[in-house]
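Here is a short report on one chain fold, written for use at the bench. Please keep the sequence and the 3D view open while you read.

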Amino acid sequence: MASTEDKAASKENTSSWKDSIYNPRTGELLGRTASSWALILLFYLVFYCFLAGMFALTMWVMLLTLDDYVPRYRDRIPNPGLVIRPDSLDISFNKSDPLKYAQYVKHLESFLKSYDDIHQEKNENCVPGSHYLQDDDEEMTKKVCRFKRSSLSRCSGLSDTNFGYHEGKPCILLKMNRIIGLKPSGDPYINCTIKKENPIQMHYFPYEGRVDKMYFPYYGKKAHENYVQPLVAVKLMLTKEDYNKELTVECRVEGSNLRNNDERDKFLGRVTFRIKVVE
Ligand SMILES: *[C@@H]1O[C@H](CO)[C@@H](O)[C@H](O)[C@H]1NC(C)=O
Ligand SMILES: *[C@@H]1O[C@H](CO)[C@@H](O)[C@H](O)[C@H]1NC(C)=O
């Protein structure tokens, strides 16, 4: 007796379990009728369209408030990194083999194109020693201070088209990254050192590796379209005893408030590169 009851119960159980997925009597799928499902889908469709619309609207309003000329949100002005040209932190070449240093010479040559005196003549002859502040009310395009390639003298590639690489006294160019609104204090200059017992002579161009304040501040890509960063060239006066050795050169921005000793960022206001010249 009990066994038949059990069977019936179990049969009912299986049928109700199947019914919970699809019930042919009521036409319900997972406990809902087709029209109920359609309503739910419709609700979510409208809901997500509404969300997407809200998102697009806020983005659009946000973009409208942005100005092409001035970045809107700046908390504090960061410190610039220092970079070198040729664009390699591991420079090595054979001074007797032009093929080995051709890439560096080519790179310097193309990098300096925009500093050609003929282009720079068009720019302002600014007053050295102070920041070149330009009024915001004036027409939006800012004037650019002239930096003539010829001021790099023996590292300009003009008198010596090999930048000293053929004589084993290579020129390295240094520049600071562009930072909008940066106004360095003091009198910034570049100082390079080589970790070695007897120091290696270095020649700086312009004089004493000065980075003139008149090239600051930078007003941004669009407002300050033809802006050129000031450069410092350092000519490493290597001698015979320095060849065939890997030398580590460290250059820093000094004489100003620009950071050059951040422990976490070793490119902030300084750069370290290796150079090896063979003959
Ligand atoms: C450098 O180049 C010269 C000329 O091609 C060659 O005689 C010399 O062996 C090279 N030096 C080294 C260390 O490869
Ligand atoms: C350059 O840096 C070295 C090492 O930090 C220092 O001894 C030297 O006085 C500096 N030279 C100048 C001109 O600041």
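Which residue in β8 is the bridge partner of Leu 174? In β8, that partner is Val 232.

This is a predicted model; local features need pLDDT of at least 70, side-chain atom pairs count only at pLDDT 80 or more, and totals for chains, interfaces and linings use all residues. Residues are numbered from 1 along each chain as its sequence is written, while chains are lettered from A and ligands numbered from 1 in the order in which they are written.

**Strand β5 and its partners**

Helices (H or I, at least four residues) and strands (E, at least two) are DSSP runs, numbered from the N terminus. Two strands pair if DSSP finds at least two bridges between them. Strand β5 covers residues 171-176. It pairs with β3 (residues 82-85) through 4 bridges, in the antiparallel sense. Here Ile 84 stands opposite Leu 174. Strand β5 is also joined to β8 (residues 232-236) by 4 bridges, again antiparallel. Leu 174 thus has a named partner in β3, Ile 84, and one in β8, Val 232.

Is β5 mostly covered or mostly open? It is mostly covered, with 5 of its 6 residues buried. A residue is buried if 20 or more other C-beta atoms lie within 10 Å of its own, exposed if 12 or fewer, and partly exposed in between; C-beta atoms are placed from the backbone.

**The open sheet**

Another set of 4 strands forms an open sheet with mixed pairing, in the order β4-β10-β9-β6. Its edge strands are β4 (90-94) and β6 (189-194), and each pairs on one side only. From one strand to the next, the twist averages 25 degrees; axes are lines fitted to C-alpha atoms, for helices over the stretch in contact, and angles run from 0 to 180 degrees between N-to-C directions. Strands β9 (residues 246-254) and β10 (residues 270-278) run antiparallel and share 7 bridges. Within this pair, Val 249 is matched with Phe 273 of β10. Strands of a sheet pair through backbone hydrogen bonds, either parallel or antiparallel.

**Ligand 1**

Around ligand 1 sit Asn 94, Ser 96, Asp 97 and Val 278 (near means a C-beta atom, placed from the backbone, within 6 Å). The shell divides into 1 nonpolar, 2 polar and 1 charged residue. Ala, Val, Leu, Ile, Met, Phe, Trp, Tyr, Cys and Pro count as nonpolar, Asp, Glu, Lys and Arg as charged, and the others, Gly among them, as polar.

**Unusual backbone in the loops**

Most residues other than glycine have a negative phi, and most peptide bonds are trans. The table lists the exceptions described here.

| Site | Backbone value | Loop |
|---|---|---|
| Arg 85 to Pro 86 | cis, omega about 0 degrees | Pro 86: β3 to β4 |
| Phe 205 to Pro 206 | cis, omega near -10 degrees | Pro 206: β7 to β8 |
| Glu 208 | phi near 60 degrees | β7 to β8 |
| Asn 244 | phi near 60 degrees | β8 to β9 |

Glu 208 counts as exposed because it has 12 C-beta neighbours inside 10 Å. Asn 244 is exposed too, with 10 other C-beta atoms within 10 Å.

**The annotated segment**

An unreviewed UniProt entry places a "transmembrane region" at residues 37-66. UniProt positions are given in the numbering used here, feature names are shortened, and annotations may be inferred rather than shown by experiment. Over residues 37-66 the model is 97% helix and 0% strand. The end C-alpha atoms of this segment are 44 Å apart.
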